[in-house]
Amino acid sequence: MMTERQAGFRKEYRSRIAGWYNGFVHVLVIYTIGLTALYVYTQHMGNISWWEWLTIPAVILLCNLFEWFLHMHVMHRPINVTGLRAIYVRHTLNHHQFFTDQEMRFRDEKDWRVTVFPPYALVIFILMSIPAGLVMGYLITPNVGWFIMCSTTGMYMTYEFMHLCCHVDENAFVRYCPFVNTIRRHHTAHHNDRLMMEVNMNLTFPIADWLFGTSDLNCGFFGHLINGYSPKYLKSNLKGVPGGPLEAASGPIPAE
Amino acid sequence: MRVDGGPIPLHERLKQLTYVKYITKNTVENPENGGGMKTYSGSRTIDGIKVYVDGQPLDERFDIKRFSDSGFEWTYEGDAPRQLALALLADHLGDDAKALELSEAFMKTKISDLDNDWGLNGDEIDFILSELASD
């Protein structure tokens, strides 16, 4: 059940959303940029050797670590660097006040404003990936360089998709799809205000959280990946008791 | 003492020893300490972090030590929470050196455990400091 505090914040935040904002257009722009980029990358690839495919899991792992680092040390820490502080404000002071482990759901697509990154974020991530793509493309093979670009762009789009799945209303897909249900529970726990600054920083797959011990679960690597909604392995020494996705989505979505 | 004979950790003692018990004990022994108590509050708002002492913004006290130039934060152990601990203690104790000395322990014990919105008064701070002293 949403608190008055959360309801009040939502009302204030929504009153400040520009009238022209459309969540569907927002997501469409991001995925148009991403899919176009993927098309451009793949047009430059050919005669792929089997070992060149290994670039994908390697980069996915690096992206996972980067996701953890960005979430822990930029999105949840105030930093006096232009641009980085804005990320903290948008995330800790906006996104985390709008959604809590008591109420995690969008009311409508206008609420995507407080969840989805601005479209230029993907452009920035693509630009950040170019040096690595160029260097590895030169040192190893061009296909490896292009696979790096494919993987980083693909992981960003996966991040946005998984994050949206964490904040939609309960449905069969998010409830039963492996990995999606896991991150949905994982992220709901992260939105507990006593845990949000230090626990459950991954938003795609809880790999780095398992690796660095910042998960709310006490289980192994594969247990983390396929935990689903289960609270069975919750640590006993957490600062707060996290709500689960079923509680966070209980009852009708508040109209206000 | 726990049933296994071991010492009870400070954060557990703070939960068990109620604030009311402390205030009753303190008031009986020091009846003059009933008023003039400052109230500190903090909130994460849409317009930023807000921390007040008796309704006025709390000074970060960068003149004592600059742990973080990014302002206050809480609910974790780090530079911004330590700056908050320092500022709170400096204002409450009126002793900058003492505040600096106690800031890390106070940050780890209390600041790292604060919610989105929180309130503290002078008696509560004294209670925590007395528990830290006896630990």
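**Notes on the predicted two-chain model**

1. Let's start with a turn in chain B. Strands β2(B) and β3(B) make a hairpin that has 2 residues between them, and B:Asp54 in the turn has a positive phi of about 50°. This is a predicted model, so please read everything below with that in mind. The two strands of this hairpin pair in the antiparallel sense, over 2 bridges, with β2 covering residues 48-53 of chain B. As for who faces whom, B:Val53 has B:Gln56 of β3(B) as its bridge partner, and B:Tyr52 stands opposite B:Pro57.

2. Now step back to the sheet that this hairpin belongs to. It is an open sheet of 4 strands in chain B, in the order β3-β2-β1-β4, and the pairing is antiparallel. At its edges you'll find β3 (56-57) and β4 (117-121) of chain B, each of which pairs on one side only.

3. Next, have a look at β1(B) and its partners. With β2(B) it makes a hairpin that again is listed with 2 residues between the strands. Their antiparallel pairing runs over 6 bridges, and B:Gly42 stands opposite B:Val51 in β2(B). On β4(B), β1(B) has another antiparallel partner, this time over 5 bridges. There, B:Ser41 stands opposite B:Gly119.

4. Which residues of β1(B) are on the covered face, and which on the uncovered one? The strand spans residues 39-45 of chain B; B:Tyr40, B:Gly42 and B:Arg44 make up the covered face, while B:Thr39, B:Ser41, B:Ser43 and B:Thr45 make up the uncovered one. That fits a general pattern: in a regular strand the side chains alternate between the two faces of the sheet.

5. Here is chain B as a whole. It has 5 helices and 4 strands, and from the N terminus on the elements go α-α-β-β-β-α-α-β-α. Of its 135 residues, 30% count as buried. If you take contacts in chain B between residues at least 6 apart in sequence, 52% of them join residues at least 24 apart.

6. What about the nonpolar core? The largest one has 23 residues, and those with the most contacts inside it are B:Leu84, B:Ala85, B:Leu86, B:Leu88, B:Leu89, B:Phe106 and B:Ile111. The elements giving two or more residues to this core are β2, α3 (79-93), α4 (96-109) and α5 (122-134) of chain B. Among these, α3(B) gives the most, with 8 residues. To see one residue's surroundings, try B:Ile111: leaving aside residues up to four places away in sequence, it touches B:Trp74, B:Pro81, B:Leu84, B:Ala85 and B:Phe106. There is also a second, separate core of 14 residues, which includes A:Ile30, A:Val59, A:Trp146 and A:Cys150.

7. Over in chain A, helix α8 (residues 180-190) deserves a look. Why is it described as largely enclosed by the rest of the structure? Because 10 of its 11 residues are buried. The buried ones are A:Asn181, A:Thr182, A:Ile183, A:Arg184, A:Arg185, A:His186, A:His187, A:Thr188, A:Ala189 and A:His190. What covers them includes α6 (142-167), α7 (172-176), α10 (221-225) and α11 (245-248) of chain A.

8. How do the chains meet? In the model, 17 residues of chain A are in contact with 15 residues of chain B. On the chain A side, α1 (4-15) and α4 (84-98) each supply at least two of the residues that touch chain B. By type, the chain A residues at this contact divide into 6 nonpolar, 4 polar and 7 charged.

9. Finally, a word on confidence. The model scores ipTM 0.90 and pTM 0.89. For chain B the mean pLDDT is 83, and 73% of its residues reach 70 or more. Where does the pLDDT of chain B stay under 50? It does so over residues 17-34, for which the model has 9 contacts beyond four places in sequence. As a general caution, where pLDDT is low, the predicted coordinates should not be read in detail.

Note on methods: Residues are numbered from 1 along each chain as its sequence is written. Chains are lettered from A and ligands numbered from 1 in the order in which they are written. This is a predicted model: local features need pLDDT of at least 70, side-chain atom pairs count only at pLDDT 80 or more; totals for chains, interfaces and linings use all residues. Two strands pair if DSSP finds at least two bridges between them. Two residues are in contact if their C-beta atoms, placed from the backbone, lie within 7 Å. Ala, Val, Leu, Ile, Met, Phe, Trp, Tyr, Cys and Pro count as nonpolar, Asp, Glu, Lys and Arg as charged, and the others, Gly among them, as polar. A residue is buried if 20 or more other C-beta atoms lie within 10 Å of its own, exposed if 12 or fewer, and partly exposed in between; C-beta atoms are placed from the backbone. A nonpolar core is a set of buried Ala, Val, Leu, Ile, Met, Phe, Trp, Tyr and Cys residues joined through C-beta atoms within 7 Å. pLDDT is the predictor's confidence in each residue, from 0 to 100.
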